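Thanks for coming, everyone. I'll put the structure up and then walk you through a few places in it.

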Amino acid sequence: MLALSNVVIHFDGKEALNIASLSIKAGEKVAIVGPSGSGKSTLVHHIYELLRPSAALCSQRQGLVENLSVYHNIFMGALNRHSWFYNLINLALPFKQPLNEIGQIMDRLELSCPLTQPTASLSGGQRQRVALGRALFQQQAVFIGDEPFSALDPIMGQRLLAEVLSAHDTVIMVLHDVNMALENFDRIIGLQAGQKILDCPVDELNFETLQDFYQQAGSCQQNLTAEYSSELDLAKNV
Ligand code: ADP
Ligand code: MG
């Protein structure tokens, strides 16, 4: 489905990503992990650009329109499913079918705020679920997520991950929670300083291999140890 070779991306003359090769098959569930600044967001945005017509992206930046309602922000995920005329009328007077569909998505995301509430007045966790709803509403075969549950408690994050996994054939997701990656994905890719330094099926991964990955993260190890220690303890028991 996707084959990258020699992808090099710079920002302001500084290398952010340098991937010699990376391929992902249709149907795979792939988690991407690594310290902050290691190139995870750059990689998933690049993948999204390549898969765009058949992929939905739930970005770390969310990109919500603050003064529009929850309903309209989610509806925007699928503007290209309808004519501009349909979209224009729906903006003023929402149609019944998308209202029902979006109501159901909100139930699945455990979002109990009114459909008409402007996103500007939502909490961080609610905003993140609206962004997730917009990606789910696209009903694409491929879901690309960039830390889509970072503002949610781990139990809700796990429930919503199950929703995302069941609704998409292929899932490519940046995750902060290593245990979540080990328990729910087929394969884990680890980045450090823009390079791929880990790419393994989860059944070949254990606490030691992940520890090696963190040790290779070099100067970042100190932070990682503190940040991930509880998750690594959990990973040990997998
Ligand atoms: P991660 O998602 O792993 O935290 P990013 O992909 O966001 O990492 O960033 C990788 C590197 O590229 C970092 O050094 C970051 O500062 C830099 N970078 C990312 N996006 C931009 C941008 N739009 N402009 C300048 N530098 C950027
Ligand atoms: Mg990022």
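Start at ligand 1, with G39. A polar backbone atom of G39 sits 3.1 Å from an oxygen atom of ligand 1. Keep in mind that this is a predicted model. S38 makes a similar approach: one of its polar backbone atoms is 3.1 Å from an oxygen atom of ligand 1. Then comes S41. Here a polar side-chain atom is involved, 2.8 Å from an oxygen atom of the ligand. How much of ligand 1 does the protein cover? On its own, ligand 1 has 560 Å² of accessible area, and the protein covers 60% of that.

Now look at who stands around ligand 1. The run to follow on screen is P35, S36, G37, S38, G39, K40, S41 and T42, and these are among the residues around it. F11, D12, K14 and A16 are there too. Sort the shell by class and you get three nonpolar, six polar and three charged residues. Which element gives the largest share? That is α1, with three residues. Strand β2, residues 14-24, also supplies at least two, as does α1.

Next, the magnesium ion. That is ligand 2. Which protein atoms are its donors? They are OG of S41 and OE1 of Q60, lying 2.0 to 2.5 Å from the ion. These two come from distant parts of the chain, 19 residues apart. S41 belongs to helix α1, residues 40-51. Q60 sits in the loop between β4, residues 55-58, and α2, residues 70-75. Are these donors buried or exposed? Neither: S41 has a relative accessible area of 24%, so it is partly exposed. Q60 is at 42%, so it also counts as partly exposed. Notice S41 again. Its side chain has a polar atom 2.8 Å from an oxygen of ligand 1, and its OG is a donor to the magnesium ion.

Stay with α1 for a moment. The helix has 12 residues. From first C-alpha to last, α1 reaches 17 Å. The expected figure, at 1.5 Å a residue, is 16 Å, so the two are close. Which of its residues are buried? K40, T42, L43, V44, I47, Y48 and L51. K40 and T42 are also among the residues around ligand 1.

Let's move to E28. Find it in the loop between β2 and β3, the latter being residues 29-33. Its relative accessibility is 15%, so E28 counts as buried. What does its side chain meet? One partner is the backbone nitrogen of K25, which lies 2.8 Å from a polar atom of the E28 side chain. Another is R187: the two side chains are joined by a polar contact of 2.9 Å.

Last stop: two backbone oddities. D12 has a positive phi of about 50°, although it is not a glycine. You will find D12 in the loop between β1, residues 2-11, and β2. At 83% relative accessibility, D12 counts as exposed. D12 is also one of the residues around ligand 1. The other case is Q139. Its phi is positive as well, about 50°, and it is not a glycine. Look for Q139 in the loop between α5, residues 124-137, and β5, residues 142-146. Q139 counts as exposed, at 53% relative accessibility.

That's the tour. Questions, please.

How values were computed:
Residues are numbered from 1 along each chain as its sequence is written. Chains are lettered from A and ligands numbered from 1 in the order in which they are written. This is a predicted model: local features need pLDDT of at least 70, side-chain atom pairs count only at pLDDT 80 or more; totals for chains, interfaces and linings use all residues. Side-chain values use heavy atoms; hydrogens and water are left out. Donors are N, O and S atoms within 2.8 Å of the metal (3.2 Å for Na, K and Ca); water is not among the atoms, so sites may look incomplete. Helices (H or I, at least four residues) and strands (E, at least two) are DSSP runs, numbered from the N terminus. Buried means under 20% relative accessible area, exposed over 50%, partly exposed in between (1.4 Å probe, protein chains only). A residue is near a molecule or strand if one of its heavy atoms lies within 4 Å of it. A polar contact is a pair of N or O atoms within 3.5 Å; within protein, one must be able to donate a hydrogen and the other to accept it, and residues adjacent in sequence count only if both atoms are side-chain atoms. Accessible areas come from the Shrake-Rupley method with a 1.4 Å probe; for residues, only the protein chains shown count as cover. Ala, Val, Leu, Ile, Met, Phe, Trp, Tyr, Cys and Pro count as nonpolar, Asp, Glu, Lys and Arg as charged, and the others, Gly among them, as polar.
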